[in-house]
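This report looks at side-chain interactions in one protein model. It takes aromatic pairs, charges over rings and salt bridges in turn.

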Amino acid sequence: MPSFDPRDTSSRESLSVREVAERFIELFHHQNNPTDAFTCWVHPDYIQHNPNAPTGRDATLEVLGAAVRNNPELTHDVKRVIYGDGNLVAVHHHFRRKRDEPGWAVVDILRIENGYVVEHWDVMQPVPDPATAKNSNGMF
């Protein structure tokens with residue numbers, strides 16, 4: 001368990017980019033709770049760059065809520081978090097809709113400003129069958 005309350009936004013303006021990211025990641029990825037993650041940490045004017053998702057916090061939250069309801073086994077297994085220069089954070093994770101599927105390797109890039117996640121990009125790549133992979137390095 002983290003040493004902070006990931007829902008506590010009372011000192012939002014004084015939190016570092018890393019601290020905001022840690023709280024968002026805890027709720028969204030570790031607790032699989034997009035509702036609280038977005039309600040607490042995503043700005044209402046959130047900019048979404050994934051062409052398969054709407055822009056804006058509330059519109060994106062509707063899509064995410066439906067995904068969680070329709071996929072009760074959905075997981076986001078965080079492999080690494082990279083804190084870049086300035087206000088960008090990359091979250092490399094293994095996304096699965098069902099526990100027994102290979103899933104996708106995903107990198108979410110978050111731009112954080114003034115205590116909010118304000119912008120998001122992602123790249124997704126299917127995890128191949130190890131028998132068809134050209135090397136044994138794995139995706140993670």
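The text below describes ring and charge interactions in this predicted model.

**Aromatic pairs**

Across the whole structure, a search finds 5 aromatic pairs. In one of them, Phe-28 and Phe-38 have ring centres 6.2 Å apart and planes at 45°, so the pair is tilted. Phe-28 belongs to helix α1 (residues 17-30) and Phe-38 to helix α2 (residues 34-41), so the pair ties together parts that are 10 residues apart in sequence. Phe-28 is buried, at 9% relative accessible area, and Phe-38 is buried too, at 3% relative accessibility.

Another tilted pair is made by Phe-95 and Trp-104, with 5.7 Å from centre to centre and 40° between the planes. Phe-95 is buried, with a relative accessible area of 11%, whereas Trp-104 is partly exposed at 22%. Ring pairs also join Phe-24, Phe-28, Phe-38 and Tyr-46 in a cluster.

**Charges over rings**

Arg-12 lies in the segment before α1. Its charged end sits over the ring of Tyr-116, 3.9 Å from the ring centre. The Arg-12 side chain also reaches the backbone oxygen of Gly-115 at 2.7 Å. Leaving aside neighbours within four places in sequence, Arg-12 is in contact with Cys-40, Trp-41, Asn-114, Gly-115 and Tyr-116.

Which side chain of opposite charge is nearest to Arg-12? That side chain is Glu-13, 5.0 Å away, and Arg-12 is buried yet has no salt bridge. A salt bridge requires a side-chain nitrogen of Lys or Arg within 4 Å of a carboxyl oxygen of Asp or Glu.

A second arginine, Arg-23, has its charged end over the ring of Phe-4, 4.4 Å from the centre.

**Salt bridges**

The count of salt bridges comes to 6. The table gives some of them.

| Positive residue | Negative residue | Closest N to O distance |
|---|---|---|
| Arg-18 | Glu-22 | 3.5 Å |
| Arg-57 | Asp-58 | 3.1 Å |
| Arg-111 | Glu-113 | 2.5 Å |

Arg-18 and Glu-22 are both in helix α1, 4 residues apart, about one turn of the helix. Arg-18 is partly exposed at 45% relative accessible area, and Glu-22 is partly exposed at 28%.

For the bridge between Arg-57 and Asp-58, Arg-57 counts as buried at 17% relative accessibility, while Asp-58 counts as partly exposed at 48%. Arg-111 is buried, with a relative accessible area of 18%, and its partner Glu-113 is partly exposed at 34%. Salt bridges link Arg-111, Glu-113 and Glu-119 in a network.

Definitions and conventions: Residues numbered from 1 in each chain as written. Predicted model: local features only at pLDDT ≥ 70, side-chain atom pairs only at ≥ 80, totals over all residues. Heavy atoms only, no water. Phe/Tyr/Trp six-rings, centres within 6.5 Å; stacked < 30°, edge-to-face > 60°. Helix = DSSP H or I, 4+ residues; strand = E, 2+ residues; numbered from the N terminus. Buried < 20%, exposed > 50% of the residue type's maximum accessible area, 1.4 Å probe, protein only. Lys NZ or Arg CZ within 6 Å of the ring centre and 35° of its normal. Lys, Arg positive; Asp, Glu negative; His and termini not counted. Polar contact = N/O pair within 3.5 Å; in protein donor to acceptor, adjacent residues only side chain to side chain. Contact = heavy atoms within 4.5 Å.
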